[in-house]
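Trainee: I would like to learn how to read the features of a protein model. May we go through one together, step by step?

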Amino acid sequence: MKSNISGCSVEEAMRLLGGRWRLLIDGPRRFNDLRRDMPGISQRSLTLDLRALEEAGLVKRTVYPTAPIKVEY
């Protein structure tokens, strides 16, 4: 991900939320629920966006130790 050179908070917010699908991710919801609600997104794009938002601290990934494993964002 690009870094914020100017230090502007608006630029930082746009960098974090500027993806095509990122504003549509609201939770807590499971991965396939998110995919169903956004039919135009690929699995890879959703995975990359979720990882980037998790790394930025905007999304929390919760893994429940059940069989099968349940993961919510």
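Trainee: With which residue does the side chain of Lys70 meet in a salt bridge?

Mentor: Let us begin with the general idea. Side chains of opposite charge can pair when their charged atoms come close. In this predicted model, the side chain of Lys70 meets that of Glu72 in a salt bridge, with 3.7 Å from N to O.

Trainee: Is Glu72 buried or exposed?

Mentor: Glu72 counts as buried because its relative accessibility is 16%, and the limit for buried is under 20%. Its partner, Lys70, has 28% relative accessibility and therefore counts as partly exposed.

Trainee: Over the face of which residue does Lys70 lie?

Mentor: Lys70 lies over the face of Tyr64, at 5.4 Å from the ring centre. Lys70 thus appears in two descriptions: a salt bridge with Glu72 and a position over the ring of Tyr64.

Trainee: How many salt bridges does the count come to?

Mentor: The count comes to three salt bridges. One of them joins the side chains of Asp37 and Arg29, at 2.3 Å from N to O. Another is formed by Asp33 and Arg36, whose closest N and O atoms are 2.8 Å apart.

Trainee: Where do Asp33 and Arg36 lie?

Mentor: Both belong to helix H2, where they are three residues apart, about one turn of the helix. Asp33 counts as partly exposed because its relative accessibility is 29%. Arg36, at 59%, counts as exposed.

Trainee: I should now like to turn to the interior. Which residues make up the largest nonpolar core?

Mentor: Again, the general idea comes before the case. In soluble globular proteins, nonpolar side chains tend to be buried together. Here the largest nonpolar core has ten residues: Phe31, Leu34, Met38, Ile41, Leu46, Leu50, Leu53, Val59, Val71 and Tyr73. Helix H2 (31-37) and helix H3 (43-56) each supply at least two residues of this core. H3 gives the most, with three residues.

Trainee: How many aromatic pairs does the structure hold?

Mentor: A pair of aromatic rings is described by the distance of the centres and the angle of the planes. In this case there is nothing to describe in that way, for the structure holds zero aromatic pairs.

Trainee: In what order do the elements of the protein run from the N terminus on?

Mentor: The order is α-α-α-β-β, which reflects a total of three helices and two strands. The loop between strand E1 (62-64) and strand E2 (70-72) contains Pro68. A cis peptide bond joins Ala67 and Pro68, with omega at about -5°.

Trainee: What percentage of the residues of the protein count as buried?

Mentor: Of the 73 residues, 25% count as buried. As for the surface, the protein exposes about 5,500 Å², and carbon and sulfur atoms supply 53% of that area.

Conventions
Residues are numbered from 1 along each chain as its sequence is written. This is a predicted model: local features need pLDDT of at least 70, side-chain atom pairs count only at pLDDT 80 or more; totals for chains, interfaces and linings use all residues. Side-chain values use heavy atoms; hydrogens and water are left out. Rings of Phe, Tyr and Trp (its six-membered ring) pair if their centres lie within 6.5 Å; planes under 30 degrees apart count as stacked, over 60 as edge-to-face and the rest as tilted. A charge sits over a ring if NZ of Lys or CZ of Arg is within 6 Å of the ring centre and within 35 degrees of the ring normal. A nonpolar core is a set of buried Ala, Val, Leu, Ile, Met, Phe, Trp, Tyr and Cys residues joined through side-chain atoms within 4.5 Å. Buried means under 20% relative accessible area, exposed over 50%, partly exposed in between (1.4 Å probe, protein chains only). Helices (H or I, at least four residues) and strands (E, at least two) are DSSP runs, numbered from the N terminus. A salt bridge is a side-chain nitrogen of Lys or Arg within 4 Å of a carboxyl oxygen of Asp or Glu. Accessible areas come from the Shrake-Rupley method with a 1.4 Å probe; for residues, only the protein chains shown count as cover.
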